[in-house]
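Colleague: I am new to this structure and would be grateful for a close look at a single part of it. Please take the interior, and explain what is found there.

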Amino acid sequence: MTDLKGALIGCGFFAVNQMHGWRDAEGARIVAICDRDPERLKAVGDAFGIQRRYTSAEDLFADGGFDFVDIATTVGSHRGLVEMAARHGVATICQKPIAPTMEDAKAMVSACAKSGVAFMVHENFRWQSPIRAVKAAIDSGAIGEVFWGRVSFRSGYDVFSGQPYLATGKRFIIEDLGIHALDVARYIFGDATAVTARTRRVNPAIAGEDVATMLLDHDGGITSLVDCSYATKLPIEPFPETLMEVDGSKGTLRLTQGYHLAVHSKGATKLTNVEPPALSWASPPWHNIQESVALIQQHWIEALRAGREPDTSGRDNLETFALVEASYLSAAEGRTVSLAEVL
Ligand code: NAD
Ligand code: 89V
């Protein structure tokens, strides 16, 4: 079977991981790249040997010659680029967060649906192998019926040097990082119906909130706590590990720092090291996230070839983005927000 051909727009900080992922992927390759910044375009083009280079997305689409586009720009450009791809009938992956507002996010999903093109949000945290191990342990029935859970990401890592824009937005941790943890909560505990959130800014040098605590009510009656912080200075820095606690009717599960998974059931505890492999191009401590990039991209190839909706399709991701919107609304108004209010 011939490889699917892809184009990547946005050759910045994170796109380098995506380019590595595509280089290793089976069944697809990147044939063209685009960035409005000629220096970044050259750096990625030279590093990955891509000859077709564009500083304008319009020119890229006008020339065509690819089956899908991978949009790795920051959020402000997502809607315009996804709608452009839909107009050209090109299947699309878009980085998280899908959009700055729910109105934009819905318009993007609708544009792709109307054009009949596949649309996936690059929501990769649920593809991390430790998170997959948690899901597999729950699905095995070892801890019985889940009634409570926690998804936690607490760190003091300097994310601002690699991604300076994170320090400048009115919204920060829920939109950038909490969105991943909220998606993991949905993946593990099911869709949510309501959220109660509290936020605060500890670091005076940034514009947005760097601490958030969210209480979620899930469809099936599970209660979960999703908490994230970039103001937490721990003895051993855990970035970028997502930790989890899950209580079930027959046992418990704990994913603790250092990628240790403990499943306690029937009076015995099974300990497993679930640290992801460091791929040849990985740069620890980012290897956890980097592996998930490769996995979600391979999932996209398989879904596109089979004509199946990807797990984190735009449609699915509206539910995750709704949790982001509802969390900000809840924190601003100091009340519980029903997801129906924002969806
Ligand atoms: P960045 O600013 O380093 O890179 C973005 C690039 O896009 C820049 O080079 C910019 O010139 C280019 N660009 C912007 N608008 C464009 C347009 N209209 N046409 C062509 N080029 C354009 O940002 P980043 O840190 O790489 O983040 C990019 C996206 O990736 C963000 O949405 C961010 O939230 C996401 N991200 C995801 C993860 C993850 O694990 N999924 C991790 C980090 C960042
Ligand atoms: O995954 C992300 O979206 C990144 C980071 C881990 C730094 O929050 O922006």
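Modeller: A residue is called buried if 20 or more other C-beta atoms lie within 10 Å of its own C-beta atom. This is a predicted model, and the account below should be read in that light.

By that criterion helix 9, residues 314-333, is mostly covered, with 14 of its 20 residues buried. At 1.5 Å a residue, helix 9 should span 28 Å, and its end C-alpha atoms are 28 Å apart, so the two values agree. After helix 9 comes Gly334, which has a positive phi near 65 degrees.

The largest nonpolar core contains 99 residues. Ala7, Ile9, Val82, Val134, Ala181 and Ala185 have the most contacts inside this core. Its greatest contributor is helix 7, residues 173-189, which supplies 11 residues. Because domain 1 (4-117) and domain 2 (126-294 + 320-341) both give residues to the core, the core lies between them.

Ala185 deserves a separate word. Apart from its neighbours within four places in sequence, Ala185 is in contact with Val151, Leu216, Ser224 and Val226.

Helix 7 also appears in the surroundings of ligand 2, where it provides the largest share of the shell, 3 residues. Around ligand 2 stand Val159, Gln163, Asp176, Leu177, His180, Pro240 and Ile289. By character, this shell comprises 4 nonpolar residues, 2 polar and 1 charged. Helix 7 thus gives the most residues to the largest nonpolar core and the largest share of the shell around ligand 2.

Notes: Residues are numbered from 1 along each chain as its sequence is written. Chains are lettered from A and ligands numbered from 1 in the order in which they are written. This is a predicted model: local features need pLDDT of at least 70, side-chain atom pairs count only at pLDDT 80 or more; totals for chains, interfaces and linings use all residues. A nonpolar core is a set of buried Ala, Val, Leu, Ile, Met, Phe, Trp, Tyr and Cys residues joined through C-beta atoms within 7 Å. A residue is buried if 20 or more other C-beta atoms lie within 10 Å of its own, exposed if 12 or fewer, and partly exposed in between; C-beta atoms are placed from the backbone. Helices (H or I, at least four residues) and strands (E, at least two) are DSSP runs, numbered from the N terminus. Domain bounds come from an automatic or database domain assignment. Two residues are in contact if their C-beta atoms, placed from the backbone, lie within 7 Å. The expected span of a helix is 1.5 Å times one less than its number of residues. A residue is near a molecule or strand if its C-beta atom, placed from the backbone, lies within 6 Å of it. Ala, Val, Leu, Ile, Met, Phe, Trp, Tyr, Cys and Pro count as nonpolar, Asp, Glu, Lys and Arg as charged, and the others, Gly among them, as polar.
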